[in-house]
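This report describes a packed pair of helices and a ligand site. The sequence and structure are shown below.

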Amino acid sequence: MDVVESIGQVRNWVHSARVQGHSIGFVPTMGALHEGHLSLIEHARRNNDAVVVSIFVNPTQFGPHEDLERYPRPKSRDLQLCKQAGAQLVFYPSVDEMYPSGSQTFVEVQGLTASWEGAIRPGHFRGVTTVVTKLFQIVLANRAYFGQKDYQQQAVIKKMVRDLDMPIEIVTCPTIRDADGLAKSSRNAYLSTEERQAGLCLFSALQLGEQAWRNQLPEQQVSLQMQERIAGQPGVSLEYAVVVHPDTLQEILEPQKIVVALVACRVGTTRLIDNAIWSKTE
Ligand code: AMP
């Protein structure tokens, strides 16, 4: 496995892979890798000749009072995990490599970014779409892999790729969870034992919501039930819990066959998000 820090080195590597006719699967990450990330690498391996992983804690997607400084950066462990998972190239750039001083250009998706994560974290998606565009231009992959865990993020990226005619396929992979249901996240490392236990209310709200939805409760009442479950959990503050349309992410007013439940809360100083796709066509 090769590890490179410069854009030029990635371009050279990708160029020689492509002239050999190799397809490239790309997995962008912020590191502190866990089984969720590794499952994306697995998916990429299955459908491509070569897998490129990027590890970059992207400052432009963090708000001024967010956890940019304390975000974990276990470099040697991450590289080891990439190697074991079968990545052939890891791009590990510095902030200066990605944002040389004087950068003035951003990529922004409107509409889809106005609600939920976008409303709570102003500027977050602008940072995500900008860095992902830059990474796509650098890596020139055939396919890029994202987790359902960040449902709104993958929806925003798919929209950007369609709107800007980017020549890449976006693949969304299922959320990987701990045995008790907590969605794996690099931020789970911030949680104390009690906080981790309290954070399970997201998964339990999704389960309760699904049952209510399958029992024909109207979507808006399902949202209320999930909100009550999360808000009722000691030590947790509710951010949102809603049933939305899978593409528009707008709240559902008429009964639908496929919906997505999006939930988010704060446990102590840590934000947790989760979601589930519910379908009546199965
Ligand atoms: P991050 O390092 O948090 O930026 O995440 C990098 C990619 O891994 C994103 O596409 C995430 O949606 C995905 N991801 C994070 N956690 C999980 C998980 N538990 N299951 C599946 N994918 C995940």
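**Contact of helix 1 with helix 6**

In helix 1, the residues I7, V10, R11 and V14 meet Q137, I138 and V139 of helix 6; contact means heavy atoms within 4.5 Å. Helices are DSSP runs of H or I with at least four residues, strands are runs of E with at least two, and both are numbered from the N terminus. By class, this contact has five nonpolar residues, one polar and one charged. Ala, Val, Leu, Ile, Met, Phe, Trp, Tyr, Cys and Pro count as nonpolar, Asp, Glu, Lys and Arg as charged, and the others, including Gly, as polar.

**Basis of the model**

The model is predicted: local features need pLDDT of at least 70 and side-chain atom pairs pLDDT 80 or more, whereas totals for chains, interfaces and linings use all residues. Residues are numbered from 1 along each chain as its sequence is written, and side-chain values use heavy atoms, without hydrogens and water.

**Ligand shell**

The ligand is surrounded by 17 residues, of which M30, H37, D150, I176 and K184 come nearest (a heavy atom within 4 Å counts as near). Helix 2 gives the most to this shell, with three residues. The shell comprises seven nonpolar, seven polar and three charged residues.

**Polar contacts and burial**

Polar contacts are pairs of N or O atoms within 3.5 Å; within protein, one must be able to donate a hydrogen and the other to accept it, and residues adjacent in sequence count only if both atoms are side-chain atoms. A side-chain N or O atom of D150 is 2.6 Å from an oxygen atom of the ligand. A polar backbone atom of K184 is 2.8 Å from a ligand nitrogen atom.
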